[in-house]
Amino acid sequence: MGAVIHTRHEVRRARYAVAAVFAVHGAVTGSFATRVPWIQDHAGVSAGQLGLALAFPALGASLAMPLAGGITHRFGARNALRGLLALWTLALVLPSVAPNMLTLCLALFVYGATAGMSDVAMNALGVEVENRLDKSIMSGLHGMWSVGAVVGSAAGTLAAHIGADARLHHALAAAVLTVAGFAACAWVLDLQPTEDEDPPPRFALPPRSALLIGAIGFCAVFAEGASLDWSAVYLRDQLETSAGLAAACTTGFTLTMAVARIAGDRVVDRYGAVRTVRAGGVVALLGGLLIVFAGHPAVAMGGFALMGLGIAVVVPLCFAAAGRSGSNPSLAIAGVATITYTSGLIAPSAIGMLAQATSLVVSFILVTVLTCGIAGLAGVLRAGDRVKVTRPDAAVPEPRS
């Protein structure tokens with residue numbers, strides 16, 4: 001992509017624009033998550049039916065992600081992202097207006113499909129900006145996603161606290177986020193396909209280059225999903241803590257991940273993607289061991305904090321490596337995203353089923369074993385270590401005075 005030459009100033013501006021896009025994307029997720037109980041009551045579904053319905057976003061994302069490359073090729077990177085992000089922000093309204101199980105599943109399918117396609121488009125543009133700046137930014141971009149999710153969650157918590165109708169809350173949130181997304185997309189890189197560039201296939205299996213990269217992402221997202229959904233339960237049931245302390249453990253885990261992602265780019269620039277992820281895998285392994293062998297709540301909370309610290313930058317670096325791993329970056333990114341979404345889908349239920357058959361300790365032994373895969377497979381992220389950009393559409397350095 002790209003016959004247009006971008007100045008260094010334009011690329012820097014595009015970096016902040018993409019960061020804003022990531023924050024908008026995260027804010028939609030946070031806005032939705034806090035109103036799930038209201039949506040359940042409005043649709044009149046049981047807990048089991050809700051669990052089934054909540055599988056549809058991942059299903060929709062997995063099926064739609066491969067389409068993002070073709071949309072970007074046809075409309076250009078900026079227009080594609082603008083349209084896909086708008087579809088995602090507007091799709092926030094759909095689950096809250098669903099009156100029954102069938103319509104809720106359909107709404108969540110569309111919600112997930114638009115989430116996945118916009119996710120691929122914004123990560124592909126993030127990789128392009130990173131290439132032109134010749135320094136790591138992907139970890140910080142995903143950190144901005146976490147910041148957006150926190151802001152969306154805070155607004156949703158306030159809306160729930162005052163008893164606001166989720167249909168009104170989500171309509172207002174969708175309007176605000178759609179406008180914010182449109183404004184941010186005006187400054188992202190306007191990349192266009194070259195005349196001799198063939199359009200990507202409409203549907204294709206992930207390229208081979210994305211499979212091992214996706215395997216690292218799978219391990220990291222599995223640990224993230226398990227810790228996010230089960231850390232509070234672990235402290236309450238295994239270590240008999242209060243509900244408040246158990247909830248604080250989950251909050252600490254999410255904050256650790258957000259801070260580590262925002263600060264992670266400097267570490268990646270200094271040590272490279274491979275060494276950073278390998279060290280992160282070791283830190284996550286240590287955290288898992290503390291969780292499994294914890295005899296005191298403080299030890300387990302420290303373990304979950306280390307788990308968050310260790311896995312924080314793994315997924316951003318997987319996307320960065322996928323974007324440089326072959327001739328079709330969008331397809332590779334879509335492949336990695338599909339694998340990681342699948343991991344996020346199965347992790348919470350897998351932990352629950354294993355815990356029911358054995359115990360939560362055994363479940364987190366599995367999580368700890370998977371962190372070994374992060375350290376062991378880190379070498380395949382060598383594509384994430386940048387080389388000097390020599391393409392004709394690379395950023396032109398600004399003259400020094």
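**Aromatic rings**

I began with the ring cluster in this predicted model, where ring pairs link Phe32, Trp88 and Tyr111. I then looked up the total for the structure, and the count comes to six aromatic pairs. For the pair of Phe32 and Tyr111 I noted ring centres 4.8 Å apart and planes at 40°, so I entered the pair as tilted, since an angle that is neither under 30 degrees nor over 60 falls in that class. Phe32 belongs to helix H1 and Tyr111 to helix H8, and the pair therefore ties together parts that lie 79 residues apart in sequence. I checked the accessibility of the two residues as well, and both Phe32 and Tyr111 are buried.

I next turned to Tyr234 and Phe364, whose rings form an edge-to-face pair with 5.2 Å from centre to centre and 75° between the planes. Because Tyr234 sits in helix H11 (residues 208–238) and Phe364 in helix H17 (residues 360–376), this pair ties together parts 130 residues apart in sequence. Here too I found both partners, Tyr234 and Phe364, to be buried.

**Helix H6**

I went to helix H6 since Trp88, a member of the ring cluster, is listed among the buried residues of H6. The other buried residues that I wrote down for H6 are Ala77, Ala80, Leu81, Leu84, Leu85, Ala86, Thr89 and Ala91. As for what covers these buried residues, I found that the cover includes helix H1 (8–33), helix H5 (67–75), helix H7 (93–97), helix H8 (101–133) and helix H10 (166–185). I also compared the length of H6 with expectation: its 15 residues, 77–91, should span 21 Å at 1.5 Å a residue, and the end C-alpha atoms are 21 Å apart, so the two values agree.

**Cavity**

I searched for enclosed space and found one cavity of 30 Å³ or more, with a volume of about 30 Å³ for the largest cavity. Phe32 of the ring cluster appears again in the lining of this cavity, together with Val36, Ile39, Gln40, Leu50, Leu54, Leu104 and Leu108. Helix H2 (36–43) and H8 each supply at least two of the lining residues, and H2 gives the most, with three. By class, I recorded seven nonpolar residues, one polar residue and no charged residue in the lining.

**Largest pocket**

I then looked at the largest pocket, for which I noted a volume of about 2100 Å³. Its lining comprises 46 residues, and those nearest the centre of the pocket are Thr29, Ala33, Trp145, Leu228 and Asp229. The helices that each supply at least two residues of the lining are H1, H4 (56–64), H8, H9 (138–161), H11, H12 (243–271), H15 (314–322) and H16 (329–357). I marked H12 as the source of the largest share, eight residues. By class, the lining of the pocket has 26 nonpolar, 16 polar and four charged residues.

**Thr368**

I closed with Thr368, which is found in helix H17, the helix that also holds Phe364. Is Thr368 buried or exposed? Its relative accessible area is 7%, which is under the 20% limit, so I entered Thr368 as buried. Leaving out residues up to four places away in sequence, I found that Thr368 touches Leu285, Gly288, Leu289 and Val292.

Notes
Residues numbered from 1 in each chain as written. Predicted model: local features only at pLDDT ≥ 70, side-chain atom pairs only at ≥ 80, totals over all residues. Heavy atoms only, no water. Helix = DSSP H or I, 4+ residues; strand = E, 2+ residues; numbered from the N terminus. Expected span 1.5 Å × (residues − 1). Buried < 20%, exposed > 50% of the residue type's maximum accessible area, 1.4 Å probe, protein only. Contact = heavy atoms within 4.5 Å. 1 Å grid on protein atoms, 1.4 Å probe; cavity = no way out; pocket = protein on both sides within 12 Å on 5 of 7 lines; lining within 4 Å. Points joined across faces, edges and corners; volume = space filled by probe spheres on them. Nonpolar A, V, L, I, M, F, W, Y, C, P; charged D, E, K, R; others polar. Phe/Tyr/Trp six-rings, centres within 6.5 Å; stacked < 30°, edge-to-face > 60°.
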